[in-house]
Amino acid sequence: MPRIWLFTDERNEAVLEQAILRLPRGSGIIFRHYHLPEPLRRARFATVKKLARQRGHMLLLAGSPALARRWRADGVHGRMARRADIGGLLHSVPVHDAQEIQQANRSGADIFFLSPIFATRSHPGQRPLNLVQTRRLAALCKGAVIYLGGMNRQRYRRRRNPMTHGWAAIDAFC
């Protein structure tokens with residue numbers, strides 16, 4: 001299971017290849033790119049997938065499990081109702097509170113992206129989770145906990161605890 005993850009979107013589109021090359025070997029990538037129409041999104045996914053495979057990275061697709069299987073992703077990212085819907089794919093979810101964690105636990109999620117740990121452009125105006133909140137919420141997760149939100153290597157080292165597996169970012173590798 002990768003300890004470092006990169007989330008893709010339109011903010012890092014222009015430097016995405018360089019960001020992927022900066023990731024340590026064996027990292028993970030969550031491919032979002034919601035801003036692209038499906039034919040362009042699929043083509044962009046294929047480019048990212050080729051580079052990810054060369055670097056030994058895991059690649060999850062934000063979308064439906066059926067789409068993740070068709071595009072031959074390693075897994076699917078998003079909230080799914082039931083484990084049966086996932087069909088054997090690795091399943092990651094974004095979580096922000098205890099209710100979302102309970103839902104993700106019920107769906108059998110493998111990876112929990114807990115956020116926001118620090119202030120972030122993705123959640124403008126939202127207060128980051130404090131140290132007590134992050135530990136309490138991480139303890140509820142029945143899978144690998146990955147910190148997200150304003151993260152970089154130094155910030156992860158400051159907040160790391162025995163319940164966390166790693167960290168993820170959108171901008172840290174750009």
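1. For the pocket tally below, Ala, Val, Leu, Ile, Met, Phe, Trp, Tyr, Cys and Pro count as nonpolar, Asp, Glu, Lys and Arg as charged, and the others, Gly among them, as polar. On that scheme, the lining of the largest pocket has 7 nonpolar, 8 polar and 4 charged residues.

2. A quick caveat: this is a predicted model, where local features need pLDDT of at least 70, side-chain atom pairs count only at pLDDT 80 or more, and totals for chains, interfaces and linings use all residues. Residues are numbered from 1 along each chain as its sequence is written, and side-chain values use heavy atoms, leaving out hydrogens and water.

3. Now have a look at helix H5, residues 98-107 (helices are DSSP runs of H or I, at least four residues, and strands are runs of E, at least two, numbered from the N terminus). Its buried residues (under 20% relative accessible area, 1.4 Å probe, protein chains only) are Ile101, Ala104, Asn105 and Ser107. They sit on the same side of H5 because they cover an arc of only 165 degrees around the axis, taken from the directions from the helix axis to the C-beta atoms. On the other side, Gln99 and Arg106 are exposed, meaning over 50%.

4. As for the ends of H5, a side-chain oxygen of aspartate 97 comes to within 3.2 Å of the backbone nitrogen of glutamine 99 at the start. After H5 comes glycine 108, with a positive phi near 80 degrees.

5. Histidine 33 is in the loop between strand E2 (28-31) and helix H2 (38-55). Histidine 33 is buried, at 0% relative accessible area.

Conventions
A polar contact is a pair of N or O atoms within 3.5 Å; within protein, one must be able to donate a hydrogen and the other to accept it, and residues adjacent in sequence count only if both atoms are side-chain atoms.
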